[in-house]
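I opened my notebook to look at one structure, a helix at a time. Here is what I looked up, in the order I did it.

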Amino acid sequence: SSISPNKTIEGSVSGVIGCIIISLIFVYFFKLSIVNYVSIAIVIGVLAQLGDLHESLMKRSFNAKDSSSLIPGHGGFYDRSDSYMLAAPVLFFMINFL
């Protein structure tokens, strides 16, 4: 069975491209290093997708449609924050230590 049947390759690629576009806007307006910030955008875009897939895999392994009922109709709090779980710590590290 598929981990996340409604997720498409096009949607994932579009998410990464969106990250790159936003990084280019920041690079332009704040005169930042294009190589550094586009690289960060690609890594974060991919990690956000992996965080979402991880959350879907966890729900499937427990036969749960939603991770909680805290936010009705939205799959739960974990569903709203799954992309940040992997991306945020890596973003912090990349910005502060690279």
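A word on terms to begin with: a helix here is a DSSP run of H or I at least four residues long, and helices are numbered from the N terminus. I also noted that this is a predicted model.

**Entry 1: the length of α1.** I started with helix α1, which holds 22 residues, 9-30. At 1.5 Å a residue it should span 32 Å, and its end C-alpha atoms are indeed 32 Å apart, so the two values agree.

**Entry 2: the sides of α1.** Which residues of α1 are buried? I found Ser-12, Val-16, Ser-23 and Val-27. They cover an arc of only 60° around the axis, which means that they sit on the same side of α1. The general rule helped me here: an α-helix has 3.6 residues a turn, so residues three or four places apart point the same way. Then I checked the face turned away from the buried side, and there I met the exposed residues Glu-10, Tyr-28 and Phe-29.

**Entry 3: what lies over α1.** I looked for what covers its buried residues, and α2 (34-61) is included in that cover. Just after α1 comes Lys-31, and I wrote down its positive phi, near 55°.

**Entry 4: a residue in α2.** I picked Asp-52, which is found in helix α2. Is Asp-52 buried or exposed? Its relative accessibility is 17%, and buried means under 20%, so Asp-52 counts as buried. Leaving out residues up to four places away in sequence, Asp-52 touches Lys-7, Asp-82 and Ser-83. I also looked up Tyr-78, 26 residues from Asp-52 along the chain: their C-alpha atoms are separated by 9.4 Å.

Methods: Residues are numbered from 1 along each chain as its sequence is written. This is a predicted model: local features need pLDDT of at least 70, side-chain atom pairs count only at pLDDT 80 or more; totals for chains, interfaces and linings use all residues. Side-chain values use heavy atoms; hydrogens and water are left out. Helices (H or I, at least four residues) and strands (E, at least two) are DSSP runs, numbered from the N terminus. The expected span of a helix is 1.5 Å times one less than its number of residues. Buried means under 20% relative accessible area, exposed over 50%, partly exposed in between (1.4 Å probe, protein chains only). The arc is that of the directions from the helix axis to the C-beta atoms. Contact means heavy atoms within 4.5 Å.
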